[in-house]
Amino acid sequence: MVRKATIAALAFGSFLLGAFSLAHAQQAQIPTLQVCNPTRVEGRAAVEIVSRSDAIHSGVFKIGTELKCDPKGLPYPAGGFQIDVDMSDSVVQGTIIGDTIEQLTSTGKHSPTAYLSGRCSARDVSGCRYWLMLADNGRAQEGTPDVVGFLVFDGAGNRVAYGTGPVVDGDIAVAPTSN
């Protein structure tokens, strides 16, 4: 009886250890957003991250976007974006294009923020997937600059590009929401 209990405890401990090591090996996961609320996003902007510049790279990424969703008229996300990357530690150097917008939602009245994810294209990247955040903090000359953040993985789960920072040139407009 004691032997069976010991074997069961060892088996359960091995199971937990295996589950922990699998969970430990996973990449960070961004929560999925299934809501497509009345959303409108547009703009062109440049973000400079000084720590991501070197003798070859400017440390800048640029984004151009036009996105919308209207549950009453167009109940699925539409539009697109393009990010041009020139940062020191990105595998992708050049253009990332949003091929699909699988999820799009926005929130906020005074500092509206949009979140989206889906599939993308980038040179030499198979299975490109992205997550993008765009925060409209008003005009930079009025106070806080807009903020853009993105994360791109390949089909094997390897990070190939990322960046988050304040807009130094241009403007991102996100329509305010009441929620």
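Let me begin with a term: a residue is called buried when its relative accessible area is under 20%, and I will use the word in that sense for the predicted model that we have in front of us.

With that in mind, please look at the two cysteines, Cys120 and Cys128, where Cys120 is buried and Cys128 is buried as well. These two residues form a disulfide, with their sulfur atoms 2.0 Å apart, and a search through the whole structure finds 1 such link. In general terms, a disulfide is a covalent bond joining the sulfur atoms of two cysteines. The link between Cys120 and Cys128 is left-handed, with -85 degrees about the S-S bond.

Turning to the chain as a whole, we have 1 helix and 9 strands, and in sequence order the helix comes before the strands, following the pattern α-β-β-β-β-β-β-β-β-β. Of the 179 residues in the chain, 37% are buried, while the chain exposes about 10600 Å², of which carbon and sulfur atoms supply 57%. If we take the contacts between residues at least 6 apart in sequence, 52% of them join residues at least 24 apart.

Which residue in the loop between β1 (39–48) and β2 (60–70) should we look at next? I have chosen Arg52, which is found in that loop, and which counts as buried because its relative accessibility is 5%, where the cut-off is under 20%. Leaving aside neighbours within four places in sequence, Arg52 is in contact with His57 and Gly59, with Met87, Ser88, Asp89 and Ser90, and also with Tyr162 and Gly163.

Note on methods
Residues numbered from 1 in each chain as written. Predicted model: local features only at pLDDT ≥ 70, side-chain atom pairs only at ≥ 80, totals over all residues. Heavy atoms only, no water. Helix = DSSP H or I, 4+ residues; strand = E, 2+ residues; numbered from the N terminus. Buried < 20%, exposed > 50% of the residue type's maximum accessible area, 1.4 Å probe, protein only. Contact = heavy atoms within 4.5 Å. Disulfide = S-S within 2.5 Å. Areas by Shrake-Rupley, 256 points an atom, 1.4 Å probe, with all protein chains shown as cover.
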